[in-house]
Amino acid sequence: MTTAGNRARLLDLYDRSGLLLGTMRILSRTLARARTLIATLLWRIPMQHLGPASRIHFGASLERPRMVSIGRRCLIASRVNISSETSTGTLRLMNDVQINTGCHIDHSGGLTVGAKTLISSDVVIYTHSHGYDPRSKPTMTPLVIGDNVWVGARTIIMAGVGAIEDGSIIAAGSIVTKPVSKKTIVAGNPARAIKFLSEYQK
């Protein structure tokens, strides 16, 4: 952004918040950026791969970072928990993936997230199942989420879904139990197709 653009943003911030609160907000944002930079640098050491211009916010947690590969320009927000119940489950984020705050991402069975996919706040994703016994050995259920997918806030993607194909949209609050076809909008509990984007896109 240009110097004039930065000046305009500052003036707008002071206009909305006043001098004292505006200054405090600027300091808070500066501190947040510094913490993100430090967190990203620290996570880069144990991770399998972390692409250029990707950021991991302070407060995000990666349980098995050596099994995680992240592409370019990705964002993992604060309070994201990435974990696996096995030492073999891999997580691959392609370029330009965004995982917003409060998500729980399980990659026990293997998870791939395609390019330019957005995972909204508080989404839960499972790639393993214990069947009817919570103490049993987990059954692995790999999941591939395609390119340009939008997963709405507070969605739960259950084990065994297998694939959410390119260009699909999962409405907020949905519980996904079955595969989702390409360019399909699904919603509800359990999630069902409500629209097909190909009908509206020429």
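Is Val123 buried or exposed? In this predicted model, Val123 counts as buried, with a relative accessibility of 0%. The residue sits in the loop between strand 11 and strand 12 (124-125). Around Val123, leaving out residues up to four places away in sequence, the contacts are Cys103, His104, Val151, Gly152, Ala153, Arg154 and Thr155. One of these, His104, is 19 residues away from Val123 in sequence, and the two C-alpha atoms lie 6.4 Å apart.

Stepping back to the whole chain, the protein has 202 residues, of which 38% count as buried. The secondary structure comes to 1 helix and 22 strands. About 11,500 Å² of the chain is exposed, and carbon and sulfur atoms supply 58% of that area. As for contacts with a separation of 6 or more, 19% are between residues 24 or more positions apart.

The strands next. One open sheet takes in 8 strands, in the order 2-5-8-11-16-19-21-22, and its pairing is mixed. At its edges are strand 2 (55-56) and strand 22 (191-196), each of which pairs on one side only. Both senses of pairing turn up when individual strand pairs are picked out. Strand 8 (residues 98-99) and strand 11 (residues 118-119) run parallel and are joined by 2 bridges; here Gln98 has Leu118 of strand 11 as its bridge partner. By contrast, strand 21 (residues 184-188) runs antiparallel to strand 22, with 5 bridges between them. Ala187 is bridged to Arg192 in strand 22, and these two strands make a hairpin with 2 residues between them.

Another open sheet has 6 strands, ordered 3-6-9-12-17-20, and its pairing is parallel. Strand 3 (61-62) and strand 20 (175-176) are at the edges of this sheet; each has a single partner strand, so one side of each has no neighbour in the sheet. Within it, strand 9 and strand 12 pair in the parallel sense over 2 bridges, and Ile105 stands opposite Ile125 of strand 12. Strand 12 is also one of the two strands flanking the loop that holds Val123.

Strand 9 (104-106) leads to another loop worth a look, the one that runs to strand 10 (111-113) and contains Ser108. Ser108 is buried, at a relative accessible area of 2%. Not counting residues up to four places away in sequence, its contacts are Ser83, Ser84, Glu85, Thr86, Gly89, Thr127, His128 and Met140.

Glu85, one of those contacts of Ser108, comes from the loop between strand 6 (81-83) and strand 7 (91-93). Whereas Ser108 is buried, Glu85 counts as partly exposed, with 44% relative accessibility. Apart from residues up to four places away in sequence, Glu85 touches Arg64, Asp106, Ser108, His128, His130 and Pro138. Two histidines in that set also have polar contacts with the glutamate: the side chains of Glu85 and His128 are joined at 3.1 Å, and the Glu85 side chain meets that of His130 at 3.2 Å. His128 is thus a contact of Glu85 and also a contact of Ser108. Met140, another contact of Ser108, is 55 residues from Glu85 in sequence, with a C-alpha to C-alpha separation of 9.7 Å.

That leaves the helix. Helix 1 covers residues 3-44 and includes Leu42; Thr40 lies in helix 1 too. The two residues part ways on accessibility. Thr40 counts as buried at 7%, while Leu42 counts as exposed at 54%. Setting aside neighbours within four places in sequence, Thr40 is in contact with Leu50, Ser54, Arg55 and Ile56. Among these contacts, Arg55 and Ile56 make up strand 2, an edge strand of the 8-stranded sheet. Leu42, for its part, joins Ile38 and Ile45 in a nonpolar surface patch of about 340 Å².

Conventions:
Residues are numbered from 1 along each chain as its sequence is written. This is a predicted model: local features need pLDDT of at least 70, side-chain atom pairs count only at pLDDT 80 or more; totals for chains, interfaces and linings use all residues. Side-chain values use heavy atoms; hydrogens and water are left out. Patches are made of residues with over 30% relative accessible area and no salt bridge: like charges are joined within 9 Å, nonpolar side chains (Val, Leu, Ile, Met, Phe, Trp, Tyr) within 5 Å. Accessible areas come from the Shrake-Rupley method with a 1.4 Å probe; for residues, only the protein chains shown count as cover. A salt bridge is a side-chain nitrogen of Lys or Arg within 4 Å of a carboxyl oxygen of Asp or Glu. Helices (H or I, at least four residues) and strands (E, at least two) are DSSP runs, numbered from the N terminus. Buried means under 20% relative accessible area, exposed over 50%, partly exposed in between (1.4 Å probe, protein chains only). Contact means heavy atoms within 4.5 Å. A polar contact is a pair of N or O atoms within 3.5 Å; within protein, one must be able to donate a hydrogen and the other to accept it, and residues adjacent in sequence count only if both atoms are side-chain atoms. Two strands pair if DSSP finds at least two bridges between them.
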